[in-house]
Amino acid sequence: MFDRPDLGDQAVLVCLDFGEADYEDGVSECLELVKGAGVSVTGVIRGKRQRPDAALFAGKGKVEEIAMLVRATDANVVIFNHALGPGQERNLERALQCRVIDRVTLILDIFAQRARSHEGKLQVELAQLSHMSTRLVRGWTHLERQKGGVGLRGPGETQLETDRRLLGNRVKALKDRLAVVQKQRKTQRRSRDRSGLPSVSIVGYTNAGKSTLFNALTKAGAYAADQLFATLDTTSRRLYINQDVSIVLSDTVGFIRDLPHSLVASFRATLEETISADLLLHVVDAANPMRERQVEEVNKVLKEIGAEHVPQLIVWNKTDLRGLPPAILHDEFGDIEGVRISALNGAGLELLREAIAERALAITHPNITEETQNDGTE
């Protein structure tokens with residue numbers, strides 16, 4: 001019987017093209033994910049398919065090609081840049097005789113490495129267990145054997161049932177502990193609400209520069225790095241904008257395309273900072289050629305958590321890499337819809353503060369804003 005091997009650190013990456021327009025960008029992103037997980041890539045397998053193979057996802061011929069590369073490079077793990085079914089994962093491991101993980105497991109592993117706070121660790125563990133439960137039911141048939149030995153034969157729990165029960169107990173315990181943390185977070189939020197300060201959350205695709213912007217505005221010194229999911233824990237600071245406006249600014253976890261649903265569910269308590277915000281600073285990497293797709297992915301997750309109704313101010317970051325000057329951008333009605341900045345070198349931060357101040361005043365003193373607009377039109 002094939003015993004499931006331990007996870008290795010020398011990987012063959014499998015990226016299949018199913019006709020996506022951003023296939024190459026997806027390959028580059030996956031390479032960054034693998035790098036962020038601390039795994040070395042010994043080779044990349046590409047290929048085109050109309051649809052995944054039911055049993056092996058990549059098809060028999062492609063799996064043989066993967067096996068040859070695994071043997072040639074001494075790789076000990078194969079990483080698919082796709083979501084695999086439990087049966088597909090099991091079949092691939094038997095065929096390749098090495099550990100196989102998919103994109104979901106890879107992202108969960110990165111989150112586990114980066115979690116620092118108690119809440120973050122609880123959320124990641126819950127997401128991992130939720131994902132593991134699907135593998136437990138259909139992934140490993142050897143867990144279905146009865147326990148043997150004197151006094152242990154006969155009716156009773158199978159190993160699979162025991163594991164499922166223990167996993168369920170742990171999931172329940174984690175949810176209970178996260179419920180306590182969520183209650184504490186709500187208490188803190190009510191305290192901030194009583195202060196009357198507008199709540200502003202920074203959101204965006206991972207590695208768009210959210211934490212760099214947060215540090216530039218607040219001088220908080222939060223961890224920021226040129227890597228995917230550099231920070232997971234929400235950090236909030238009171239920020240003085242001008243003599244009339246102060247806000248509570250929060251930095252949040254970054255989003256990514258095909259973000260695992262188990263992660264979204266587990267981080268819901270953290271993401272409620274976003275749901276309850278008065279304004280979202282949607283940070284976009286203006287130098288990324290797939291920026292429009294990334295904006296769509298962020299908005300998709302915002303809709304999933306119920307934050308699509310929160311007003312947004314688009315912050316086009318890293319515009320210096322495109323040779324664009326800092327500027328405040330207006331829509332056809334003259335309202336501010338975006339700001340071009342460079343958070344790293346500070347260009348355009350004063351313009352961003354000006355835009356935040358105007359939007360914050362519209363939240364705290366809507367009547368004054370309406371009167372100002374009327375005075376300008378009459």
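**Sheet, cysteines and pocket**

User: How many bridges join S10 to strand S11?
Analyst: Strand S11 covers residues 336-340 and runs antiparallel to S10. Strands are DSSP runs of E, at least two residues, and helices are runs of H or I, at least four, numbered from the N terminus; two strands pair if DSSP finds at least two bridges between them. S10 and S11 are joined by 4 bridges.

User: Before we go on, where does the residue numbering start?
Analyst: This is a predicted model, so to speak with filters: local features need pLDDT of at least 70, side-chain atom pairs count only at pLDDT 80 or more, and totals for chains, interfaces and linings use all residues. Side-chain values use heavy atoms, with hydrogens and water left out, and residues are numbered along each chain as its sequence is written, from 1.

User: Which residue takes a positive phi in the hairpin of S10 and S11?
Analyst: Leu329 has Gly338 in S11 as its bridge partner. The hairpin has 5 residues between the strands, and the one with phi near 90° is Gly334.

User: Why is one side of S6 and of S10 left without a neighbour in the sheet?
Analyst: The open sheet has 7 strands with mixed pairing, in the order S6-S7-S5-S8-S9-S11-S10. S6 (235-240) and S10 (327-330) stand at the edges, so each has a single partner strand.

User: Which residue in S8 stands opposite Val203?
Analyst: S5 (residues 199-204) and S8 (residues 279-285) pair in the parallel sense over 5 bridges. Opposite Val203 in S8 stands His282.

User: How many disulfides are there?
Analyst: A disulfide is a pair of cysteine sulfur atoms within 2.5 Å. The closest cysteine sulfur to that of Cys15 is in Cys30, at 4.6 Å, which is too far for a bond. The count comes to 0 disulfides.

User: Is Cys15 buried or exposed?
Analyst: Buried means under 20% relative accessible area, exposed over 50%, and partly exposed in between, with a 1.4 Å probe and protein chains only. Cys15 has 1% relative accessibility, so it counts as buried.

User: Which element gives the most to the lining of the largest pocket?
Analyst: A pocket is an open set of points on a 1 Å grid over the protein atoms alone where a 1.4 Å probe fits, with protein on both sides within 12 Å along at least five of seven lines; lining residues have an atom within 4 Å of a point. The largest pocket is lined by 28 residues, with Ala83, Arg103, Arg257, Asp258 and Leu259 nearest its centre. Elements giving two or more residues include S1 (10-17) and H1 (23-36). With 5 residues, the top contributor is H10.
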